[in-house]
Amino acid sequence: MAGYIEDRWLKKRPDKVTGKRERTAIYGTGKRYRVKGIPGIQDRSFETSEDAKRWLASAKTDSSRGEFVDPRKGEILLADYIVDHWWAGRSDEPSTADPMRSRIWNHIIPLMGDYALREIDASALRTFKAGLLTRVEESTAEVIWGHLSSILGSAVDDQRLLRNPMKMKNSVKPPRAIDSKAKAWSREVVDAVRAGLQDRYQIAVDLGIGLGLRQGEAFGLAEEDFDFAAGIVHVRRQLRWDIKGRPYFSLPKGRKIREVPLPTNLALRARAHFRRFPSTSCTLPWRNPETPTTALEERQRKPITVDLILTSSHGNRIYYRTWNDRSWKRALAAAGLITPVGEKVRHDAEVERVG
């Protein structure tokens with residue numbers, strides 16, 4: 001195996017007359033001994049020959065195993081690595097990227113950003129966990145912990161760390177959300193929630209309970225997705241919003257379309273809803289609301305038009321925040337499932353907060 005130690009203060013060959021090695025022009029300045037010649041490993045300098053020898057032996061062994069990581073590559077701050085390398089190389093859709101970015105920039109960078117990658121050890125992780133649990137609930141902390149582990153895993157792949165410290169520190173356990181067993185609503189509760197909604201929105205309860213649709217999938221459902229003859233509903237898309245509140249269509253969660261059985265009672269409710277509240281044509285970008293910058297993005301984000309079955313009283317697509325605040329939460333409160341802390345009371349010319 002190649003690799004040797006160079007004395008930077010003395011010339012390599014002795015003087016022909018004196019037989020001694022003469023001093024170099026940098027004699028007495030900088031670190032004296034430099035390890036060189038190991039394939040794929042950057043040269044490194046040391047103060048003493050003993051340190052150089054130890055590092056050379058270790059580097060040779062790690063190099064032969066394909067495990068060598070130059071410690072200097074791990075000196076980059078975690079914040080800089082995230083911004084300049086990890087995040088810059090991702091291409092997630094807005095529905096994934098926006099909440100992930102918010103969690104990382106609001107929690108990981110403030111709590112851990114000033115650590116160099118190589119300084120992240122068990123003590124640093126314990127401090128991070130303790131600080132994180134003062135900011136968010138266990139369920140959110142578990143997700144953020146996973147983000148940090150993914151970031152450090154990428155640093156391993158980038159040869160900035162030898163191992164992911166979050167995978168080898170047995171003394172630091174990741175935060176865990178408290179498991180709670182889901183409890184199905186009774187028929188009485190379902191009826192109460194449905195009754196608490198405006199007539200045009202009552203079908204949303206049936207879509208969630210009868211078809212198991214998530215909110216975005218229900219808001220993105222079109223009349224043509226119902227196959228009454230076959231007794232199925234095609235779940236092809238969901239209605240999403242980016243961090244700026246711009247709407248767009250995308251594949252359902254998990255990026256997979258699916259078919260779900262259409263119960264007879266729900267089919268009757270759906271037909272009645274279609275007659276009473278005609279579907280509204282809606283055209284939105286696909287996958288991403290940002291303006292395309294390349295021909296490929298233009299093809300990928302080409303708008304699609306669907307006839308939405310859930311629309312506002314003005315015939316517009318639903319905005320989830322408005323619907324949640326003004327319709328869904330009020331229905332849950334009316335059914336006794338949540339306790340209202342405050343609510344908006346609308347008048348003709350003003351809005352006042354009570355409670």
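Here are two short exercises on helix packing and nonpolar cores, each with a worked solution.

This is a predicted model, in which local features need pLDDT of at least 70, side-chain atom pairs count only at pLDDT 80 or more, and totals for chains, interfaces and linings use all residues. Residues are numbered from 1 along each chain as its sequence is written, and side-chain values use heavy atoms, leaving out hydrogens and water.

**Exercise 1.** Work out how helix 2 and helix 5 are oriented to each other, and which residues meet.

*Solution.* Start with the helices, which are DSSP runs (H or I, at least four residues) numbered from the N terminus. Helix 2 covers residues 78–86 and helix 5 covers residues 138–157. Next, take the angle: they pack at about 75°, with axes 11 Å apart. Axes are lines fitted to C-alpha atoms over the stretch in contact, and angles run from 0 to 180 degrees between N-to-C directions. The two helices are therefore roughly perpendicular (65 to 115 degrees). Finally, look for contacts (heavy atoms within 4.5 Å): Leu 78, Tyr 81, Ile 82 and Trp 86 of helix 2 meet residues of helix 5 including Leu 148, Ile 151 and Ala 155.

**Exercise 2.** Find the residues with the most contacts inside the largest nonpolar core, and the helix that gives the most to this core.

*Solution.* A nonpolar core joins buried (under 20% relative accessible area, 1.4 Å probe, protein chains only) Ala, Val, Leu, Ile, Met, Phe, Trp, Tyr and Cys residues through side-chain atoms within 4.5 Å. The largest has 38 residues, and Leu 207, Leu 211, Phe 226, Phe 249 and Leu 310 have the most contacts inside it. Helix 8 gives the most, with five residues.

Definitions and conventions
Buried means under 20% relative accessible area, exposed over 50%, partly exposed in between (1.4 Å probe, protein chains only). Angles under 35 degrees count as roughly parallel, over 145 as roughly antiparallel, 65 to 115 as roughly perpendicular and the rest as oblique.
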